[in-house]
Amino acid sequence: MWLDHRAVNQVHRINETKHSVLQYVGGVMSVEMQAPKLLWLKENLRETCWDKAGHFFDLPDFLSWKATGVTARSLCSLVCKWTYSAEKGWDDSFWKMVGLEDLVADNYSKIGNQVLPPGTSLGNGLTPEAAKDLGLPAGIAVAASLIDAHAGGLGVIGADVRGHGLACEGQPVTSRLAIICGTSSCHMGISKNPIFVPGVWGPYFSAMVPGFWLNEGGQSVTGKLIDHMVQGHAAFPELQAKATARCQSIYAYLNSHLDLIKKTQPVGFLTVDLHVWPDFHGNRSPLADLTLKGMVTGLKLSQDLDDLAILYLATVQAIAFGTRLIIEAMESAGHSISTLFLCGGLGKNPLFVQMHADITGMPVVLSQEVESVLVGAAILGACASGDFASVQEAMARMSKVGKVVFPRREDKRVLPGNFWELMKSTGNENTETGILKKLAHNTAHKWPRQELNVQPGSRTKVLSSIQPCSRNGHIVVITTG
């Protein structure tokens, strides 16, 4: 599973090779990719798993194999997670260098030697056995797959935006960024030419939209982090009881509670004293450091429902600042992004959507069909069945705009500085002690939005050297002096 980070030692050794394939994963391979997981299996489950396995599949390819009996792999899966090149194929030297030379045998039969573009019809369609299990007619077309997040990106990024007053209207599709957000978040940007973004996966050719290069940023925990922060708070039982009494979800209740306690002030003002660093499961992009940990600064002794609501808000804002940092990294490398297309479970939360608009300063487009991953899968199916001649044609016909959320410019001046601001500029006081003293001082004095100065080379050093302690499920940073 992608969320399993146990192959830390293996990915560290892979990254030490400095092999040329690493330039196509942002310069540093993630522990969430398949090569370190395969190496972990070989080194830890040699007899019970590794030696007995006939094939190793990514989940989308496993499902298409179960449906059709065809072992062909999707270009999306292999390019994005397995180091396959759409132009050159497998690189023998990489697998031999990292200790997985046995996968090269028999023309890579265990990990894929037939690679098809997403949307290609597989074999003879649904097998009789699979058809019986699913209650469908045998022979129905089955498409070469996409990874779920990439299907979500395909389902939203091609929508016709005419008449919505968006900057991307009449502009190339490359001006759009698809954000697929649920347990984690993925940020999908495409370009006509390859763009190498440090700390951002890719560029991958034709991995999502045929003929375009894909860069994929990401945050390893977003929805899961929000759940963790809310459910670990002392006031969570009270929240559950009050939300149930109103027949609301806990997040609908928290959103209405924030409206109540903010009074006439913009909601961003509520977190002027409270800041969250959201890397509780490492940083996928753009710092690409799985050792980073989460923090909260500005905690008080109170543990009431107001306190919980404000912590929830600060967490949502921190995730949005993470998105902004990814966008800035992509734009610095050559992307030009004007509009966000957001889907996934968190797209149903109005606060999450609005904070992304406010903090990035960009409008957010929500799909008419809430389950955009299913739209992307349907686009592939429609291509495999011959209903559309190309993926691009299917995207234009099947993707629809549902709602557009614009940034609230009046709130921008009171958005919290947040830990992300620590990473953005250069200056003299670049030690972890200086940063934390400055942060603690500014928090205590209801600090206005400002830039704290950090040398770019000290990013990882600053955060990895902080020694947090755990209290009530939160990470508390203690400073002296």
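Biologist: In this predicted model, is Lys18 buried or exposed?
Modeller: The relative accessible area of Lys18 is 69%. Exposed means over 50%. Lys18 is therefore exposed.

Biologist: Where does Lys18 lie?
Modeller: Helix 1 covers 8-16 and helix 2 covers 34-44. Lys18 lies in the loop between helix 1 and helix 2.

Biologist: What is the phi of Lys18?
Modeller: Lys18 is not a glycine. Its phi is positive all the same. The value for Lys18 is about 55 degrees.

Biologist: Which residue in the loop between strand 7 and strand 8 has a positive phi near 50 degrees?
Modeller: The residue is other than glycine. Its place is in the loop between strand 7 and strand 8. The residue with phi near 50 degrees is Ala288.

Biologist: Is Ala288 buried, partly exposed or exposed?
Modeller: Ala288 has a relative accessible area of 27%. Buried means under 20% and exposed over 50%, with partly exposed in between. Ala288 is therefore partly exposed.

Biologist: Which residue does a cis peptide bond join to Ser285?
Modeller: Omega of this bond is about -5 degrees. The partner has its place in the loop between strand 7 (275-277) and strand 8 (295-297). The residue joined to Ser285 is Pro286.

Biologist: What is omega for the cis peptide bond between Gly202 and Pro203?
Modeller: Pro203 lies in strand 5, residues 201-205. A cis peptide bond joins Gly202 to Pro203. Omega there is about 5 degrees.

Methods:
Residues are numbered from 1 along each chain as its sequence is written. This is a predicted model: local features need pLDDT of at least 70, side-chain atom pairs count only at pLDDT 80 or more; totals for chains, interfaces and linings use all residues. Side-chain values use heavy atoms; hydrogens and water are left out. Helices (H or I, at least four residues) and strands (E, at least two) are DSSP runs, numbered from the N terminus. Buried means under 20% relative accessible area, exposed over 50%, partly exposed in between (1.4 Å probe, protein chains only).
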